[in-house]
Amino acid sequence: MIKVTRFFYIHWSLLPLFLLAWWSGGLFTLLLAYAVVTIHELFHLFAALLVKERVGSLMLLPFGMTLRLSAGLIREPGKEIFIALSGPFANFLMLLVARALESLYGAENLALLAFRMLNWFTLSVNLLPCLPLDGGRVVKAMLVRRLGYLSAVSVMRRISRVVTLLLAGAGLVLLCITRLNVSLLMAAAFLAFRLTEEQRENEYILMREILYSKEKLRKKGAMRSRHISAIESVRARDIFKMLGYDSFYVVCIVDKDLKPLRMVTESQLVDAILEKGWQIRLSEVF
(Lines give C-alpha, C1' and ligand atoms only; values in the text may rest on other atoms or scores of the structure.)
Protein backbone atom coordinates (compact mmCIF):
# COMPACT_ATOMS: atom_id res chain seq x y z
CA MET A 1 0.00 0.00 0.00
CA ILE A 2 1.15 3.55 -0.82
CA LYS A 3 0.24 6.06 1.91
CA VAL A 4 -1.09 9.31 0.41
CA THR A 5 -2.51 10.92 3.56
CA ARG A 6 -3.06 9.78 7.15
CA PHE A 7 -6.14 7.77 6.18
CA PHE A 8 -5.97 7.45 2.35
CA TYR A 9 -4.01 4.60 0.74
CA ILE A 10 -3.51 3.45 -2.88
CA HIS A 11 -2.57 -0.09 -3.84
CA TRP A 12 0.70 -0.31 -5.81
CA SER A 13 -0.91 -2.42 -8.59
CA LEU A 14 -3.08 0.51 -9.71
CA LEU A 15 -0.20 2.03 -11.72
CA PRO A 16 0.21 -0.95 -14.10
CA LEU A 17 -3.60 -1.23 -14.29
CA PHE A 18 -3.94 2.39 -15.45
CA LEU A 19 -1.02 1.96 -17.89
CA LEU A 20 -2.72 -1.11 -19.37
CA ALA A 21 -6.01 0.80 -19.66
CA TRP A 22 -4.22 3.70 -21.41
CA TRP A 23 -2.46 1.31 -23.82
CA SER A 24 -5.71 -0.54 -24.67
CA GLY A 25 -7.78 2.65 -25.04
CA GLY A 26 -9.96 2.02 -21.98
CA LEU A 27 -8.55 4.73 -19.73
CA PHE A 28 -11.69 6.91 -19.89
CA THR A 29 -13.95 4.02 -18.85
CA LEU A 30 -11.59 3.07 -16.01
CA LEU A 31 -11.46 6.65 -14.72
CA LEU A 32 -15.25 6.89 -14.94
CA ALA A 33 -15.59 3.62 -13.00
CA TYR A 34 -13.31 4.87 -10.23
CA ALA A 35 -15.21 8.18 -10.13
CA VAL A 36 -18.48 6.27 -9.56
CA VAL A 37 -16.89 4.06 -6.87
CA THR A 38 -15.30 7.10 -5.18
CA ILE A 39 -18.65 8.92 -4.91
CA HIS A 40 -20.22 5.69 -3.58
CA GLU A 41 -17.56 5.42 -0.85
CA LEU A 42 -17.72 9.13 -0.02
CA PHE A 43 -21.41 8.70 0.80
CA HIS A 44 -20.39 5.90 3.19
CA LEU A 45 -17.84 8.29 4.68
CA PHE A 46 -20.38 11.11 5.15
CA ALA A 47 -22.91 8.67 6.66
CA ALA A 48 -20.30 7.34 9.11
CA LEU A 49 -19.38 10.87 10.19
CA LEU A 50 -23.09 11.72 10.51
CA VAL A 51 -23.63 8.94 13.08
CA LYS A 52 -20.31 9.78 14.79
CA GLU A 53 -18.33 6.71 13.73
CA ARG A 54 -14.59 7.35 13.37
CA VAL A 55 -13.05 6.63 9.97
CA GLY A 56 -9.90 4.50 9.95
CA SER A 57 -8.83 4.47 6.30
CA LEU A 58 -9.98 4.80 2.71
CA MET A 59 -8.15 2.44 0.33
CA LEU A 60 -8.07 2.53 -3.47
CA LEU A 61 -7.68 -1.07 -4.69
CA PRO A 62 -7.39 -2.62 -8.17
CA PHE A 63 -10.88 -4.10 -7.65
CA GLY A 64 -12.46 -0.91 -6.32
CA MET A 65 -12.40 1.20 -3.18
CA THR A 66 -13.12 0.29 0.44
CA LEU A 67 -13.78 2.30 3.61
CA ARG A 68 -12.60 1.04 7.00
CA LEU A 69 -13.79 2.37 10.32
CA SER A 70 -11.49 2.80 13.31
CA ALA A 71 -13.62 0.51 15.47
CA GLY A 72 -13.53 -2.32 12.91
CA LEU A 73 -17.21 -3.04 13.55
CA ILE A 74 -20.33 -1.01 14.28
CA ARG A 75 -22.05 -2.03 17.50
CA GLU A 76 -25.48 -0.56 16.68
CA PRO A 77 -27.40 -2.41 13.91
CA GLY A 78 -29.33 0.74 12.96
CA LYS A 79 -26.11 2.66 12.36
CA GLU A 80 -24.60 -0.17 10.33
CA ILE A 81 -27.68 -0.38 8.09
CA PHE A 82 -27.70 3.41 7.59
CA ILE A 83 -24.01 3.51 6.64
CA ALA A 84 -24.32 0.46 4.37
CA LEU A 85 -27.33 1.79 2.44
CA SER A 86 -25.79 5.24 1.91
CA GLY A 87 -23.51 3.87 -0.84
CA PRO A 88 -26.28 2.35 -3.01
CA PHE A 89 -28.29 5.55 -2.37
CA ALA A 90 -25.40 7.50 -3.98
CA ASN A 91 -25.63 5.29 -7.08
CA PHE A 92 -29.40 5.83 -7.21
CA LEU A 93 -28.86 9.61 -7.10
CA MET A 94 -26.26 9.38 -9.90
CA LEU A 95 -28.74 7.41 -12.02
CA LEU A 96 -31.25 10.24 -11.54
CA VAL A 97 -28.58 12.75 -12.61
CA ALA A 98 -27.83 10.64 -15.70
CA ARG A 99 -31.52 10.62 -16.61
CA ALA A 100 -31.70 14.41 -16.21
CA LEU A 101 -28.63 14.88 -18.45
CA GLU A 102 -30.21 12.82 -21.24
CA SER A 103 -32.41 15.80 -22.16
CA LEU A 104 -29.25 17.86 -22.79
CA TYR A 105 -26.93 15.33 -24.45
CA GLY A 106 -29.30 12.66 -25.74
CA ALA A 107 -30.01 9.13 -24.54
CA GLU A 108 -27.42 7.68 -26.96
CA ASN A 109 -24.48 9.67 -25.61
CA LEU A 110 -21.69 7.12 -25.06
CA ALA A 111 -20.34 8.77 -21.90
CA LEU A 112 -23.82 8.86 -20.35
CA LEU A 113 -24.46 5.24 -21.35
CA ALA A 114 -21.19 4.17 -19.69
CA PHE A 115 -21.96 6.27 -16.59
CA ARG A 116 -25.44 4.73 -16.30
CA MET A 117 -24.18 1.16 -16.79
CA LEU A 118 -21.41 1.60 -14.22
CA ASN A 119 -23.91 2.88 -11.66
CA TRP A 120 -26.35 0.04 -12.33
CA PHE A 121 -23.51 -2.46 -11.98
CA THR A 122 -22.20 -0.89 -8.74
CA LEU A 123 -25.72 -0.64 -7.30
CA SER A 124 -26.75 -4.22 -8.14
CA VAL A 125 -23.47 -5.86 -7.04
CA ASN A 126 -23.36 -3.93 -3.74
CA LEU A 127 -26.87 -5.06 -2.83
CA LEU A 128 -25.88 -8.75 -3.00
CA PRO A 129 -26.15 -10.48 0.43
CA CYS A 130 -22.40 -10.98 0.67
CA LEU A 131 -19.73 -9.58 2.99
CA PRO A 132 -18.16 -7.04 2.74
CA LEU A 133 -20.75 -5.63 0.31
CA ASP A 134 -23.45 -3.28 1.54
CA GLY A 135 -26.22 -5.86 1.15
CA GLY A 136 -24.22 -8.32 3.24
CA ARG A 137 -23.71 -5.76 6.01
CA VAL A 138 -27.45 -5.01 6.09
CA VAL A 139 -28.33 -8.72 6.37
CA LYS A 140 -25.61 -9.24 9.01
CA ALA A 141 -26.91 -6.33 11.11
CA MET A 142 -30.42 -7.86 11.04
CA LEU A 143 -29.09 -11.33 11.93
CA VAL A 144 -27.08 -10.02 14.90
CA ARG A 145 -30.24 -9.30 16.88
CA ARG A 146 -31.62 -12.80 16.26
CA LEU A 147 -28.47 -14.94 16.39
CA GLY A 148 -25.81 -12.91 18.21
CA TYR A 149 -22.74 -11.32 16.66
CA LEU A 150 -20.46 -14.36 16.18
CA SER A 151 -23.23 -16.63 14.89
CA ALA A 152 -24.43 -13.92 12.48
CA VAL A 153 -20.92 -13.45 11.12
CA SER A 154 -20.49 -17.23 10.74
CA VAL A 155 -23.76 -17.50 8.77
CA MET A 156 -22.85 -14.53 6.59
CA ARG A 157 -19.42 -15.96 5.78
CA ARG A 158 -21.01 -19.16 4.48
CA ILE A 159 -23.52 -17.18 2.41
CA SER A 160 -20.72 -14.91 1.15
CA ARG A 161 -18.64 -17.87 -0.09
CA VAL A 162 -21.62 -19.19 -2.09
CA VAL A 163 -22.39 -15.75 -3.57
CA THR A 164 -18.71 -15.23 -4.49
CA LEU A 165 -18.56 -18.60 -6.29
CA LEU A 166 -21.80 -17.86 -8.16
CA LEU A 167 -20.50 -14.42 -9.14
CA ALA A 168 -17.22 -15.94 -10.39
CA GLY A 169 -19.19 -18.49 -12.44
CA ALA A 170 -21.35 -15.73 -13.93
CA GLY A 171 -18.17 -13.76 -14.67
CA LEU A 172 -16.67 -16.68 -16.62
CA VAL A 173 -19.86 -17.03 -18.65
CA LEU A 174 -19.90 -13.28 -19.38
CA LEU A 175 -16.23 -13.39 -20.41
CA CYS A 176 -16.88 -16.29 -22.79
CA ILE A 177 -19.83 -14.50 -24.36
CA THR A 178 -18.27 -11.06 -24.73
CA ARG A 179 -14.56 -12.14 -24.90
CA LEU A 180 -13.79 -8.82 -23.17
CA ASN A 181 -16.01 -8.00 -20.16
CA VAL A 182 -14.18 -8.99 -16.94
CA SER A 183 -16.26 -6.81 -14.58
CA LEU A 184 -17.95 -9.71 -12.75
CA LEU A 185 -14.66 -11.59 -12.44
CA MET A 186 -13.04 -8.49 -10.92
CA ALA A 187 -15.96 -8.17 -8.48
CA ALA A 188 -15.58 -11.86 -7.51
CA ALA A 189 -11.82 -11.39 -7.05
CA PHE A 190 -12.44 -8.39 -4.77
CA LEU A 191 -14.92 -10.40 -2.66
CA ALA A 192 -12.54 -13.37 -2.39
CA PHE A 193 -9.73 -11.03 -1.34
CA ARG A 194 -11.85 -9.37 1.36
CA LEU A 195 -13.23 -12.70 2.64
CA THR A 196 -9.67 -13.98 3.10
CA GLU A 197 -8.78 -10.83 5.04
CA GLU A 198 -11.84 -11.16 7.28
CA GLN A 199 -10.99 -14.79 8.03
CA ARG A 200 -7.52 -13.76 9.22
CA GLU A 201 -9.09 -11.15 11.52
CA ASN A 202 -11.55 -13.63 13.07
CA GLU A 203 -9.49 -14.52 16.16
CA TYR A 204 -8.73 -10.87 16.91
CA ILE A 205 -12.42 -9.94 16.63
CA LEU A 206 -13.36 -12.88 18.87
CA MET A 207 -11.01 -11.83 21.67
CA ARG A 208 -12.10 -8.20 21.37
CA GLU A 209 -15.76 -9.21 21.68
CA ILE A 210 -14.97 -11.27 24.80
CA LEU A 211 -13.39 -8.24 26.44
CA TYR A 212 -16.12 -5.88 25.24
CA SER A 213 -18.86 -8.10 26.69
CA LYS A 214 -17.54 -7.37 30.18
CA GLU A 215 -17.61 -3.61 29.68
CA LYS A 216 -20.62 -2.76 27.52
CA LEU A 217 -23.20 -2.38 30.31
CA ARG A 218 -20.75 -0.40 32.45
CA LYS A 219 -20.03 1.96 29.54
CA LYS A 220 -23.66 2.53 28.56
CA GLY A 221 -25.15 2.57 32.05
CA ALA A 222 -28.44 0.98 30.95
CA MET A 223 -29.29 -1.55 28.24
CA ARG A 224 -32.14 -3.79 27.20
CA SER A 225 -31.78 -7.30 28.65
CA ARG A 226 -32.32 -10.60 26.88
CA HIS A 227 -32.66 -14.06 28.39
CA ILE A 228 -31.19 -17.34 27.19
CA SER A 229 -32.15 -20.72 28.67
CA ALA A 230 -29.68 -23.60 28.33
CA ILE A 231 -29.06 -27.08 29.74
CA GLU A 232 -26.02 -27.33 32.02
CA SER A 233 -24.23 -29.75 29.66
CA VAL A 234 -24.06 -27.14 26.87
CA ARG A 235 -20.61 -25.66 26.19
CA ALA A 236 -20.13 -22.06 27.32
CA ARG A 237 -18.73 -21.13 23.89
CA ASP A 238 -22.06 -22.05 22.22
CA ILE A 239 -23.85 -19.56 24.46
CA PHE A 240 -21.20 -16.92 23.85
CA LYS A 241 -21.83 -17.17 20.10
CA MET A 242 -25.45 -16.15 20.74
CA LEU A 243 -24.53 -12.87 22.42
CA GLY A 244 -25.04 -9.57 20.60
CA TYR A 245 -23.61 -6.13 21.26
CA ASP A 246 -26.95 -4.30 21.47
CA SER A 247 -28.34 -6.10 24.57
CA PHE A 248 -27.14 -7.42 27.93
CA TYR A 249 -27.77 -11.16 28.33
CA VAL A 250 -28.80 -13.24 31.34
CA VAL A 251 -28.44 -17.03 31.04
CA CYS A 252 -30.79 -19.39 32.91
CA ILE A 253 -28.99 -22.72 33.40
CA VAL A 254 -31.28 -25.75 33.85
CA ASP A 255 -30.63 -29.45 34.50
CA LYS A 256 -31.61 -32.32 32.18
CA ASP A 257 -35.14 -32.29 33.70
CA LEU A 258 -35.38 -28.57 32.83
CA LYS A 259 -35.35 -27.50 36.48
CA PRO A 260 -33.64 -24.11 37.02
CA LEU A 261 -30.23 -24.36 38.68
CA ARG A 262 -28.84 -20.82 38.57
CA MET A 263 -28.83 -17.54 36.68
CA VAL A 264 -25.60 -16.05 35.33
CA THR A 265 -24.94 -12.81 33.50
CA GLU A 266 -22.92 -12.67 30.31
CA SER A 267 -20.11 -10.99 32.27
CA GLN A 268 -19.93 -13.99 34.63
CA LEU A 269 -19.95 -16.29 31.61
CA VAL A 270 -17.04 -14.38 30.07
CA ASP A 271 -15.09 -14.48 33.36
CA ALA A 272 -15.54 -18.26 33.49
CA ILE A 273 -14.35 -18.66 29.87
CA LEU A 274 -11.28 -16.51 30.53
CA GLU A 275 -10.46 -18.43 33.72
CA LYS A 276 -11.24 -22.03 32.74
CA GLY A 277 -10.97 -22.09 28.96
CA TRP A 278 -13.12 -22.09 25.83
CA GLN A 279 -14.28 -25.73 26.22
CA ILE A 280 -16.00 -25.53 29.62
CA ARG A 281 -19.65 -26.47 30.05
CA LEU A 282 -22.25 -24.34 31.79
CA SER A 283 -22.15 -26.66 34.82
CA GLU A 284 -18.54 -25.50 35.35
CA VAL A 285 -19.33 -21.76 35.31
CA PHE A 286 -19.55 -21.87 39.13
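**Exercise 1.** Is N126 buried or exposed in this predicted model, and which residues distant in sequence does N126 contact?

*Solution.* Begin with the accessible area: N126 has a relative accessible area of 12%, and since buried means under 20% relative accessible area, N126 counts as buried. Next, place the residue in its element, for N126 is found in helix α4, which covers residues 110-126. Then look at the polar atoms, where a polar atom of the N126 side chain lies 2.9 Å from the backbone oxygen of T122. Finally, once neighbours within four places in sequence are left aside, the residues in contact with N126 are H40, L133, D134 and G135.

**Exercise 2.** Determine how strand β3 is placed in the structure and how strand β2 is joined to β3.

*Solution.* Count the buried residues of β3 (residues 55-61) before turning to its pairing: six of the seven are buried, so the strand is largely enclosed by the rest of the structure. Strand β2 (residues 8-10) runs parallel to β3, and three bridges join the two. To fix the register at one position, take Y9, whose bridge partner in β3 is M59.

**Exercise 3.** Identify the residues that make the nonpolar surface patch of about 360 Å², and classify L93 by its accessibility.

*Solution.* The patch is made by F89, F92, L93 and L96. Of these residues, take L93, which lies in helix α3, spanning residues 77-105. The relative accessibility of L93 is 31%; because partly exposed covers the range between the buried limit of 20% and the exposed limit of 50%, L93 counts as partly exposed.

Technical notes. Residues numbered from 1 in each chain as written. Predicted model: local features only at pLDDT ≥ 70, side-chain atom pairs only at ≥ 80, totals over all residues. Heavy atoms only, no water. Patch = residues over 30% accessible without salt bridge, like charges linked within 9 Å, V, L, I, M, F, W, Y side chains within 5 Å. Areas by Shrake-Rupley, 256 points an atom, 1.4 Å probe, with all protein chains shown as cover. Salt bridge = Lys/Arg side-chain N within 4 Å of Asp/Glu carboxyl O. Helix = DSSP H or I, 4+ residues; strand = E, 2+ residues; numbered from the N terminus. Buried < 20%, exposed > 50% of the residue type's maximum accessible area, 1.4 Å probe, protein only. Polar contact = N/O pair within 3.5 Å; in protein donor to acceptor, adjacent residues only side chain to side chain. Contact = heavy atoms within 4.5 Å. Pairing = 2+ DSSP bridges.
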